Amino acid sequence: MLRKITQHLNHPTNRLFTTHQLIKTSCSNTPLNHALQEMSVQGLGMQFKDYDSLLNECVNQKSLIGGQRVQAHMIKTHYLPPVYLRTRLIVFYLKCEVLRDARMVFDEMPERNVVSWTAMISGYTKSGLYSDALTLFVQMLRSGTYPNEFAFATVLTSCVGASGFEHGRQIHSLIIKSPFEFHIFVGSSLLDLYAKAGRIHEAHTVFEALPERDVVSCTAIISGYAQLGLDKEALELFCALQKEGMPSNYVTYASVITALSGLAAFEYGRQMHAHVLRSELSFYIVLQNSLIDMYSKCGNLAYARKVFEIMPERTVISWNAMLSGYSKHGIGKTVVDLYNRMNTEDKVNPDSTTLLTVLSGCSHGGMEDIGLKFFDEMKGRRNGVDLSIELYGCVVDLLGRAGQLERALQFVKEMPFEPNAAIWGSLLGACRVHKNVEIGKIAGRKILEIEPLNAGNYVILCNLYACEGNWDEVRKLRELMKDKAVMKEPGKSWIECDHTMHTFYASDRSHPRKEEVFLKVRELSDRIKTAGYCPDLSSVLYDVDEEQKERMLLGHSEKLALAFGMINVSETKPIRIMKNLRICVDCHNFAKFVSGVYGREVFVRDKSRFHHIVNGVCLCGDYW
């Protein structure tokens, strides 16, 4: 009986069937090692399907040794794998992150198809070797192999940077001549190419031309707008696509939440968070990081901290987002405490951003001594993180805040870096606060040499001269701006009310409720003057009479937005205002007095930091 069974199994037809079944069963039901042992037993009996099953399992398990044994067995048995199996070997080595061996298999292929080329190009792209990926794509074209939709979509992701964008445009011209111009994968890669290059209008044109859209293409265009700071446009597009029935994933929501962070649209943000919870999406770390950033930038650190604390896992980005929130709000002690907790209870190592955030938090929180001590410890310790010029800039800010301007200037001169515009700008800002014209002139000259077309630098220097009544210098600077065609960005502030963003410009007469708003500004001004408010006329950089200066101050966009908030925001809710530029001294004082007199909580997020004002006191300590 045993002899009959053996003869049946050894029959050629039955042996082939049994070998494949044994290998397939070993791969699916028992450990991979057992399947590899079966391969050795079968010897020359191994066929295409057997090798395919084994290689697939090695790919799934990322078993480098297993895959190498399969390739070695092919060589020893003189088995000549077809293009498909050789391509699977390339995929296997790329999955195991052994790029060199993948390229060796590719180079030894007697013939290749478009899948082989695409797999190798993808390997270079995922490894960040974009130039090699593009070079291989050109070789593919020269070999006579025409790209398919996957090849085009893959190589487009290698077109990064200025030169890469030009290559991408050339590839786009090839795509137009191909049958894949309107393919969803190719279209998504194209609009991502244009969006990342800042060519959002071209990206939108590609998006509109797509005959069908999926979650990837919709997310790519929304992300493109958000990454360029076109937050309002990103939000409007998301709402429009939602009405069309667009599906959303965690990347979509993360992109929209990023846009809401830029707008400081707290109510919208809370709604989006609730929408995510109702959709029962898995809470990926990137989505939770976006929520922390959004709540922090909307001025609600309690919500941000709640999201942070319930995270099952945190990356260094999570810690940085929470630290940055406290830092921007000037809560330096909490920044230091949270950093110490990060070092003691978490396995995540701080990076250069972490150190910069902690030092910045000490500066914004008025903890000059602790910040300087922390910087000295970093210099001694390093922890594998190089001290960047941004860290040195924080030290300049620390010394400037403390009024140690001579020491700050000396520190700048002794830095191991060539001081940049940010360094000199920090020193110039400190000179404005402490009214040190002499050092301010030095910083001003340097910064205008580095950034002669930055209007903000001229404004700060004009402020400094105006403080001492030196209108001749102010006029000279204005003439210099005119000669160099430097245009100051118009100041604007916006506030969210009833899910609508209301934007105000200086002396704005375009808002439909402008008369009501201007009357409210005057009412607020008259009321807080009785409590001791005195307009800071030095904030007006024009040599006009005091009455005219005061009228100009009342037209500042921050005051218009604040007045609108006082009219429309419930007394039980804080007033949240965004400003595109640095808030002026007078508007800051105005907001503090309104907060104190009317008992309102006010958040103003300007270009440099948050101003959280409660009972007439701002967390910034009147330094920004």
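The second largest pocket of this predicted model holds about 520 Å³ of space. Its lining is made up of 22 residues, and D293, K297, S324, K328 and R605 are the ones that lie nearest the centre. Sorted by class, the residues lining this pocket comprise eight charged, eight polar and six nonpolar ones. Where in the fold do they come from? Helix 18 (285–297), helix 20 (316–328) and strand 3 each give at least two residues to the lining.

Let's follow strand 3 next, since it leads us into a small sheet region. Strand 3 covers residues 575–579 and runs parallel to strand 4, with four bridges joining the pair. If you look for I575, you will find V602 of strand 4 standing opposite. Helix 33 (residues 585–598) joins in as well: together with strand 3 and strand 4, helix 33 makes a right-handed β-α-β unit.

On to strand 4 itself, which spans residues 602–605. Are its residues buried or exposed? V602 and V604 on one side, and F603 and R605 on the other, are all buried, so both faces of the strand are covered. You have met R605 already, as one of the residues nearest the centre of the second largest pocket.

Strand 4 has another partner in strand 5 (residues 610–614), and here the pairing is antiparallel, again over four bridges. To see one of these contacts, pick V604: its bridge partner in strand 5 is H611. Four residues lie between strand 4 and strand 5, and the two strands form a hairpin.

Terms used: Residues are numbered from 1 along each chain as its sequence is written. This is a predicted model: local features need pLDDT of at least 70, side-chain atom pairs count only at pLDDT 80 or more; totals for chains, interfaces and linings use all residues. Side-chain values use heavy atoms; hydrogens and water are left out. Buried means under 20% relative accessible area, exposed over 50%, partly exposed in between (1.4 Å probe, protein chains only). Two strands pair if DSSP finds at least two bridges between them. A crossover is right-handed if, with the strands pointing away from the viewer, the path from the first strand over the helix to the second runs clockwise. On a 1 Å grid over the protein atoms alone, a cavity is a set of points where a 1.4 Å probe fits but cannot get out, and a pocket is an open set with protein on both sides within 12 Å along at least five of seven lines; lining residues have an atom within 4 Å of a point. Grid points are joined across faces, edges and corners, and a volume is the space filled by probe spheres set on the points. Ala, Val, Leu, Ile, Met, Phe, Trp, Tyr, Cys and Pro count as nonpolar, Asp, Glu, Lys and Arg as charged, and the others, Gly among them, as polar.
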